[in-house]
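Here is a briefing for a reader new to this structure. Look over the sequence and the fold before reading on.

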Amino acid sequence: MQIYPQVFIGSVQETQHCGVSAIHKRGVDDVLVLGSLGIEGDEQAEKRYHGGPDRALCHYPQEHYEFWHHRYPELEDLFAPCAFGENLSTLGMTEESVFIGDIYSWGDARIQVTQPRSPCYKLNGFTGIENFAQVMQDEGRCGWLYRVIKGGKVGSNMPMKLLSRNSDVSVQEAIMIAFHAPYDEELYQRLLSAAGLSASWSLTMQNRLDNHKIEEFHHRLFGKGR
């Protein structure tokens, strides 16, 4: 199945509710150049948590926006593709149907799924809902990230096509293991065995095994002030 993505890029700027961020993106229909760190012209503000080789692209299913419309009807105008700073938005791909390690063709490029997106506190400021990142995490409607294993020309008129499936761990299951399940060494080993898993998530799962506990989520979900 071929799916045509909506494509978005943005630059780092001072925002009213999210501080310095590149969450505000714009749709692009032109042919673009995709390199190892993402689409030419796209930027990330906090590179410790965003961007890098394993997080070169962010993908968010368009299907989820209908859920957010129903959950927060007063913010219906806010919830539309690229609201959460994603680069790619599609119909027909969700956390249930996309797997860690999946390799897709997109134009001349080849991209590989590396991890779910980890919601962060800047989404709270963006939406005006103080616990929105927590809700997104709890609902498992997080989207996912890619590494670029072959760069090239890409665009919204170029379809994405699944080329190979390299693990049996869906993005949905990865979210469950990382964010929802109680401490479980077998689950962490299962996620670690998923071909293509990002270095940061591999380290997180290994740290859980080493320390025999789950790391805290509070700082990521609520920031320093909470």
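Is cysteine 120 buried or exposed? Cysteine 120 is buried, because its relative accessible area is 14%; buried means under 20% relative accessible area, exposed over 50%, and partly exposed in between, with a 1.4 Å probe and protein chains only. This is a predicted model, in which local features need pLDDT of at least 70, side-chain atom pairs count only at pLDDT 80 or more, and totals for chains, interfaces and linings use all residues. Residues are numbered from 1 along each chain as its sequence is written, and side-chain values use heavy atoms, with hydrogens and water left out.

**Cysteines**

- The structure holds zero disulfides, a disulfide being a pair of cysteine sulfur atoms within 2.5 Å.
- Cysteine 58 forms no such bond because the closest cysteine sulfur, in cysteine 142, is 10 Å from its own sulfur, which is too far.
- Cysteine 58 counts as buried because its relative accessible area is 10%.

**The sheet**

- Nine strands make an open sheet with mixed pairing, in the order 1-14-10-11-12-8-9-2-5.
- Strands (E, at least two residues) and helices (H or I, at least four) are DSSP runs, numbered from the N terminus.
- Two strands pair if DSSP finds at least two bridges between them.
- Strand 1 (2-3) and strand 5 (26-27) are the edge strands, and each pairs on one side only.

**Around strands 1, 10 and 14**

- Strand 1 runs antiparallel to strand 14 (residues 160-164), and two bridges join them.
- Isoleucine 3 has methionine 160 as its bridge partner in strand 14.
- Strand 10 also pairs with strand 14, in the antiparallel sense, over four bridges.
- Here tryptophan 106 stands opposite methionine 160.
- Strand 10 (residues 103-106) and strand 11 (residues 109-116) run antiparallel, joined by four bridges.
- Alanine 109 in strand 11 is the bridge partner of tryptophan 106.
- These two strands, 10 and 11, form a hairpin with two residues between them.
- Glycine 107, in the turn, has a positive phi of about 60°.
- In a regular strand the side chains alternate between the two faces of the sheet.
- In strand 10, Ile103 and Ser105 point one way, Tyr104 and Trp106 point the other way, and all are buried.

**Around strands 2, 5 and 9**

- Strand 2 (residues 6-9) pairs with strand 9 (residues 88-90) in the antiparallel sense, over two bridges.
- Glutamine 6 has serine 89 as its bridge partner in strand 9.
- Strand 2 also runs antiparallel to strand 5, and two bridges join them.
- Phenylalanine 8 stands opposite glycine 27 in strand 5.

**Helix 3**

- In helix 3 (residues 132-139), the buried residues are Phe132, Ala133, Val135, Met136 and Gln137.
- They pack against strand 8 (57-61), helix 1 (64-71), helix 2 (122-127), helix 4 and helix 7 (218-222).
- Glutamine 137 is buried because its relative accessibility is 1%.
- Setting aside neighbours within four places in sequence, glutamine 137 is in contact with Pro119, Cys142, Ile175, Phe179, His180, Phe217, Arg220 and Leu221; contact means heavy atoms within 4.5 Å.
- Glycine 140, just after helix 3, takes a positive phi of about 75°.

**Helix 4**

- Helix 4 is mostly covered, with seven of its 10 residues buried.
- These are Val171, Glu173, Ala174, Ile175, Ile177, Ala178 and Phe179.
- Their packing partners are strand 11, helix 3, strand 12 (144-150), helix 5 (185-192), helix 6 (199-211) and helix 7.

**Serine 118**

- Serine 118 lies in the loop between strand 11 and helix 2.
- Serine 118 counts as partly exposed because its relative accessibility is 22%.
- Not counting residues up to four places away in sequence, serine 118 touches Phe179, Trp201 and Arg220.
- Serine 118 and alanine 174 are 56 residues apart in sequence and 11 Å apart in space, C-alpha to C-alpha.

**The second largest pocket**

- On a 1 Å grid over the protein atoms alone, a pocket is an open set of points with protein on both sides within 12 Å along at least five of seven lines, and lining residues have an atom within 4 Å of a point.
- The second largest pocket has a volume of about 160 Å³.
- Its lining includes His64, Glu95, Arg141 and His180.
- Helix 4 (residues 171-180) gives the most to this lining, with four residues.

Methods: On a 1 Å grid over the protein atoms alone, a cavity is a set of points where a 1.4 Å probe fits but cannot get out, and a pocket is an open set with protein on both sides within 12 Å along at least five of seven lines; lining residues have an atom within 4 Å of a point. Grid points are joined across faces, edges and corners, and a volume is the space filled by probe spheres set on the points.
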